[in-house]
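Colleague: Before I rely on this model, I would like to hear how its labels are justified. Could you take me through the reasoning behind them?

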Amino acid sequence: MQIPFVTYFAEYLGFFIAFFANLTLIHLILTRTRQNFGSYKYLMLWFACFSLWYSIIDILTQPAMHSYLNSYIVFCASWFKYDPFLAPIIITSYCTSYGLTLVLLAIHFVYRYIAMIHPNQIQWFKYPRALIWPSIFIVIAIFWWCNVYFLLSSNATFNAYLNNTIYENYEERIERLSYIGPLYFITTLVTIMSLGYAVYKKMQSVNDMVAEKTRALQKQLFHALVLQTIVPIIFMYTPTTVLFICPIIGVELGVIANMTSICLALYPALDPLVVMYFIRDYRAFLMKKLRLTRSVSSVTRNTSITKHEEDII
């Protein structure tokens, strides 16, 4: 299969960085997170674990993408590419995981919005009400997986339409491959942007109402979340939008469509690095371990903070 070497290189590079970076972040969240993070600690942990899963399913899939005239497909190019049972499950799980990453990011912004704008509703992120969020997540995951598997998977029409171009570019018969086409995703960008702007405005007005430490922590979390939004916009939204629009306007990308695979492979490697950099306690601990600084204060001690300040973190 004549897939560009840079695509395979990006897949493996992204996997190794993402795997170890997310494991490191999970360790930091469990051992170096201040008590006043509250429920947000578990939301961060959820995101880090899912990012780890995304990197694993990405390397198992090693997705290749091809655009031809008014269509495009995403197909499994890994060791499982010819497996009639596992390959469809893997490629479907990959596409589902892509969409769920954006859903999970939107839940982050819902939390920040409620914590800052409506702190009296923060109980929706505390047990037992907090169970509604993983429940919604699971329902969306099942719906999305079934939709992709049963409606967007390989079919005779696509096989006939793309058989020649796939053979010319990859020397493969399309009927032997497991693919989905086209790739759709939930539009969460409006939710993220609108809630993010509301949180930013609230932070400007609340500065004089809370302690300096609380205000600094708010800024750390918000800046990390902003970068966690910019990274997927660049590496997820933009390339998949281009891949989606080009067939509609009749632009054929061909093998160049694999640039999308490269971007999607690098995303889970960058996300944990953003969090570890912007949250000061994590950054200081890592710098000490890497001998880039002389000392780091303990972050496991109790922090003096009022109930109101805890609710708006």
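**Reasoning behind the labels**

Modeller: This is a predicted model, and I would begin with strand β2 (residues 71–76), which is largely enclosed by the rest of the structure because six of its six residues are buried.

Colleague: What makes you say that both faces of β2 are covered?

Modeller: In a regular strand the side chains alternate between the two faces of the sheet. In β2, S71, I73 and F75 lie on one side and Y72, V74 and C76 on the other, and all of them are buried.

Colleague: How do you know that β1 and β2 pair, and in which sense?

Modeller: Pairing requires at least two bridges between the strands; strand β1 (residues 63–68) and β2 have six, in the antiparallel sense, and one of the partnerships joins A64 to F75 of β2. The hairpin of these strands has two residues between them, and L69 takes a positive phi near 50° there.

Colleague: Why does β3 count as a partner of β2?

Modeller: The cut-off is at least two bridges, and β2 and strand β3 (residues 179–180) have two, again in the antiparallel sense, so the pair qualifies. In β3, I180 is the bridge partner of V74.

Colleague: Why is T61 called buried?

Modeller: Buried means under 20% relative accessible area, and T61, which lies in helix α2, has a value of 0%, so the label applies. Leaving out residues up to four places away in sequence, T61 touches C76, A77, S78, I90, I91 and Y94.

Colleague: Why are C146 and C263 given separate labels, one partly exposed and the other buried?

Modeller: The relative accessible area of C263 is 18%, which is under the 20% limit, so C263 is buried. For C146 the value is 32%, which falls between 20% and 50%, and C146 is therefore partly exposed. As for cysteine pairs, the structure holds zero disulfides.

Colleague: What makes up the largest nonpolar core?

Modeller: That core has 63 residues, and Y40, M44, Y94 and Y282 have the most contacts inside it. Among the elements that each supply at least two of its residues are α1 (5–31), α2 (40–61), β2 and α7 (212–248), while α3 gives the most, with 16 residues. Apart from neighbours within four places in sequence, Y282 is in contact with L25, L28, I29, R32, T33, M44, V275 and M276. A second, separate core of twelve residues includes A77, L162, Y170 and L177.

Colleague: How do the record's transmembrane regions look in the model, for instance at residues 42–65 and 131–152?

Modeller: The unreviewed UniProt entry places a transmembrane region at both of these spans, among others. Residues 42–65 are 83% helix and 12% strand, with the end C-alpha atoms 35 Å apart, whereas residues 131–152 are 91% helix and 0% strand, with the end C-alpha atoms 31 Å apart.

Colleague: What makes you cautious about residues 296–312?

Modeller: Where pLDDT is low, the predicted coordinates should not be read in detail. The mean pLDDT of the chain is 80, and 81% of its residues reach 70 or more, but the value stays under 50 over residues 296–312, for which the model has 35 contacts beyond four places in sequence. Among the elements, helix α10 (residues 307–311) has the lowest mean, 48, and α2 the highest, 92.

Conventions
Residues numbered from 1 in each chain as written. Heavy atoms only, no water. Buried < 20%, exposed > 50% of the residue type's maximum accessible area, 1.4 Å probe, protein only. Helix = DSSP H or I, 4+ residues; strand = E, 2+ residues; numbered from the N terminus. Core = buried A, V, L, I, M, F, W, Y, C linked by side-chain atoms within 4.5 Å. Contact = heavy atoms within 4.5 Å. Disulfide = S-S within 2.5 Å. pLDDT = per-residue confidence, 0-100. UniProt positions renumbered as here; feature names shortened; annotations may be inferred.
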